[in-house]
Amino acid sequence: MQYTTLGRTGLRVSVAGLGTGGFSRMGLKSGKTEEESARLILDAVDLGITFIDTAPPYGTEGVVGKALKSIPRDKVVVATKSTVRRDGEWWTPERVVASLDNSLRLMGTDYVDVFNLHAVEAPMYDYALNTLAPALAEQQRKGKIRHIGLTENPIVDFTNAALKRALHDPVWEVYMVGFHMMHQGARANVFPVTRKKGVGTLIMFAVRSIFADPPRVAREMKELAAKGLVEKWLGETDDPLGFLVHAGGAANMIDAAYRFVRHEPGVDVVLFGTGDAAHLRTNVASLLKPPLPEADRAKLAALFGHLEGIGLDGHQGRSR
Ligand SMILES: NC(=O)c1ccc[n+]([C@@H]2O[C@H](COP(=O)([O-])OP(=O)(O)OC[C@H]3O[C@@H](n4cnc5c(N)ncnc54)[C@H](OP(=O)(O)O)[C@@H]3O)[C@@H](O)[C@H]2O)c1
């Protein structure tokens, strides 16, 4: 494993981070038991992963708790989250603190290393900053939270609008950012400032559903080419990313997707989720490989650098 420092938090973390949400939820979605999912977390730790991301809506905090019974607590960095607004209802500071306390109980720990406000959109930002952040800072003083962060909601925020606002406020030490081969906006919108200010970055959506599904990539390219948003030839092939796979290049599209994100300047931890032990191993192997050849990186930037919002599907309808 390779390790890095998560911005000014000073936390040493593995560059590969285990996401326990996404569509896999450590395999719970496909019928794994909590014990089997916890075993997968231990496999990840055996591979050197020391960053684990969870959240109450994922239903995996109990699984993380099961795994933590076999891991010295100070050997892993654990991040969880709280909702800010759901179904039109704003969560009060009391409710957010109750959520934190429940997360601690489920995980059987007395602190979280990074506590993120979850899927904050630009219109929620003032409330997050002015009403919730002070309550989180108080929990930090009590030792229940080590560092406070913010995750964006790329499914609706294609332009990093919430994070662009947050860049002015020093309370947030960590951001979770959507970034991938066809959604590269954070290179200009986020990373220059996070690097300057020492904000740690956790990357989501490196693969999500789109890059695990080659026919879908071809469909998306056809649509985009028809709209004139990408070069015509990309819509005329069944394998638009085939140029990345060659001797000295990527082994396949998923390998390319993880390596592209991993080596972007400004990226600290690349999160990935899986319910599959073989995928766990191949994804870690990809993240530990060298960058894609410079010519391929440049081509990805030239072909897709202007796109935003591609393949950022959510849990409802899996649409963009
Ligand atoms: N706003 C937020 O706060 C937010 C939003 C989204 C995600 N997240 C966090 O980020 C983490 C990562 O989420 P993500 O959105 O990037 O998606 P992801 O969960 O990493 O999605 C990857 C998908 O591709 C499949 N996959 C992974 N490796 C594969 C391989 N080698 N071969 C074939 N298929 C493979 C996985 O299914 P298998 O089970 O089959 O491997 C999974 O469904 C989440 O777990 C969560 O912790 C946070």
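## A tour around the ligand

H9 and H10 are oblique to each other, because angles that are not roughly parallel, antiparallel or perpendicular count as oblique. This is a predicted model.

**Stop 1: the two helices.** Select helix H9 (253-262) and helix H10 (277-288). Their axes come within 8 Å. They cross at roughly 45 degrees. Turn the view to follow the crossing: H9 passes H10 in a right-handed manner.

**Stop 2: the nearest residues.** Now select the ligand and the 28 residues around it. Which of them come nearest? They are Ser24, Asp53, Phe205, Thr274 and His279.

**Stop 3: polar contacts.** Pick histidine 279 next. An N or O atom of its side chain is 2.6 Å from an oxygen atom of the ligand. Move to arginine 208. Here a polar side-chain atom lies 2.7 Å from a ligand oxygen. Then show the backbone of glutamate 152. One of its backbone N or O atoms sits 3.0 Å from a nitrogen atom of the ligand.

**Stop 4: the cover.** Show the protein surface around the ligand. On its own, the ligand has 890 Å² of accessible area. The protein covers 86% of that area.

**Stop 5: the shell.** Colour the elements that give two or more residues to the shell: strand E9 (145-152), H9, strand E12 (269-272) and H10. Which element gives the largest share? H10 does, with 3 residues. Last, colour the shell by residue type. You will find 11 nonpolar, 13 polar and 4 charged residues.

How values were computed
Residues numbered from 1 in each chain as written. Predicted model: local features only at pLDDT ≥ 70, side-chain atom pairs only at ≥ 80, totals over all residues. Heavy atoms only, no water. Near = heavy atom within 4 Å. Polar contact = N/O pair within 3.5 Å; in protein donor to acceptor, adjacent residues only side chain to side chain. Areas by Shrake-Rupley, 256 points an atom, 1.4 Å probe, with all protein chains shown as cover. Helix = DSSP H or I, 4+ residues; strand = E, 2+ residues; numbered from the N terminus. Nonpolar A, V, L, I, M, F, W, Y, C, P; charged D, E, K, R; others polar. Axes fitted to C-alpha atoms, helices over the stretch in contact; angles between N-to-C directions. Parallel < 35°, antiparallel > 145°, perpendicular 65-115°, else oblique. Left-handed = near helix turned anticlockwise from the far one by under 90°.
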